[in-house]
Amino acid sequence: MRKARILLLDAAPGELMARELDRLLGHGLEITLNLRRVTDRTGTRETWGDRVEFTDFDAFDEAALTAATVRGGEGYDALKSRAGVPLRARFLAAATDPALARPLRVIGRAGAGFDHVELPAAARHGVTVTHTPGSNAGAVAEFALAQLLALTRDLPAHNATAHRGVWRSPAAPAAQLSELTLGIVGLGRIGSALAGRAAALGMDVQGLSRQHRAGTPARPVRSLTALLTTSDVVSLHLPLTAETRGMIGRAELAAMRPGSILLNTARGGIVDEQALADALRDPGHPLAAAAVDTFAHEHAAFASPLSGLPNALLTPHVAGMTRSAMSTAALHCADHVAALLGGRPEGVPVVTA
């Protein structure tokens, strides 16, 4: 029986790549590694050249991705993505062409999000999509807490003025966490992890979720409006779906408590970035600041109306990038893909349209 073949669009970074490759090889998979995002390409070739094949292309360029996937009429049984490479209908049709020796059967995401895959098209072409929910819950919760602390204590502004040689004392004393209410939209693994950490630091925590997790310290609220109007800090922890896209727009931002802060480590499309930028530019708006880690356009296509605003703390989608989280995601993704290719779907998280 021939081995299944997998294309790694982006391997785990640094020393974690070795663990990921070893895990995949241990499952008996043939690996083609895309070197585009690998820092030490020469060393990687020298270390892994006798066990792994290599390619080098921009996976965010759909034409290049398609060409690399179907080159020579061979194809791949599986693809693995870490950075959320868009896998849309046209690509999926090409990658599952029956004329290929290995039509695509499985897509693995080393991470929780799956909005980069056009799920109806994947289902139409018989491609199973798996991911690693919960692998980065602690990492993202910690990052959201860091955003919260940075903005409630105005650390970016103090840092900027100190670097300019200016001694700037605050016009008014900051509130301690125990004086603030945190509103969490989405009490899944990440939202619940943040709720526990914030409550441990003395915050009053409330949350809005379709299902209230047992044991979470967040008090349930009845509606998004109720949460926005009664929270000093609002943190978003939802997947990007047709229902959540544009959930936070002009009306929702205007409903927030005066002096409030918005945190988004979920997905960019949940928040109307232009409306958020307009709110942050308006000194009379109730929203005082925002921390944003996810954007509607990312990587080489990154552009945001939030750029340059002093009360917007912007980071390049790094909330889940800790050694522990990325290692867990990479290894679990390898296990999930191998199980699905081997016809063992029991217990493997699968995403449906």
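I take two strands as paired if DSSP finds at least two bridges between them. I note at the outset that the model I examined is predicted.

**Entry 1: strand S4 and its neighbours**

I looked first at strand S4 and strand S5 (residues 106-109), which pair in the parallel sense over four bridges. In this pairing I found Ala-78 opposite Val-106 in S5. I then followed the chain from S4 to S5: the path runs through helix H4 (residues 89-95), and this β-α-β crossover is right-handed.

I next asked which strand pairs with S4 over three bridges. It is strand S1 (residues 5-8), again in the parallel sense. Here I recorded Leu-8 as standing opposite Lys-80 in S4.

For the side chains of S4 (residues 78-81), I asked which residues point one way and which the other. Ala-78 and Lys-80 share one direction, while Leu-79 and Ser-81 take the other. I checked whether they are buried or exposed, and all are buried. Lys-80 is thus recorded among the buried residues of this strand.

**Entry 2: the nonpolar cores**

I turned to the largest nonpolar core, which holds 29 residues. Those that touch the most other members are Leu-236, Leu-253, Leu-262 and Leu-276. I listed the elements that give two or more residues to this core: helix H9 (224-229), strand S10 (233-236), helix H11 (273-281) and strand S12 (287-292). H11 gives the most, with five residues.

I then looked up what Leu-253 touches, not counting residues up to four places away in sequence. I found Ile-248, Leu-262, Ala-275, Leu-276, Ala-279, His-285, Pro-286 and Leu-287. I also noted a second, separate core of 25 residues, which includes Leu-21, Leu-35, Ala-110 and Leu-340.

**Entry 3: the whole chain**

I counted twelve helices and 14 strands in the protein chain. Buried residues make up 49% of its 353 residues. Of the contacts with a separation of 6 or more, 65% are between residues 24 or more positions apart.

For the overall dimensions, I recorded that the C-alpha atoms fill a box of roughly 70 × 45 × 35 Å, taken along the principal axes. I compared the radius of gyration of the protein chain, 22 Å, with the value near 20 Å for a compact globule of 353 residues, and the two agree. Finally, I noted an accessible surface of about 16,400 Å², of which 53% belongs to carbon and sulfur atoms.

Definitions and conventions: Residues numbered from 1 in each chain as written. Predicted model: local features only at pLDDT ≥ 70, side-chain atom pairs only at ≥ 80, totals over all residues. Heavy atoms only, no water. Buried < 20%, exposed > 50% of the residue type's maximum accessible area, 1.4 Å probe, protein only. Right-handed = clockwise from strand over helix to strand, strands pointing away. Rg over C-alpha atoms; globule rule 2.2 N^0.38 Å. Contact = heavy atoms within 4.5 Å. Areas by Shrake-Rupley, 256 points an atom, 1.4 Å probe, with all protein chains shown as cover. Core = buried A, V, L, I, M, F, W, Y, C linked by side-chain atoms within 4.5 Å.
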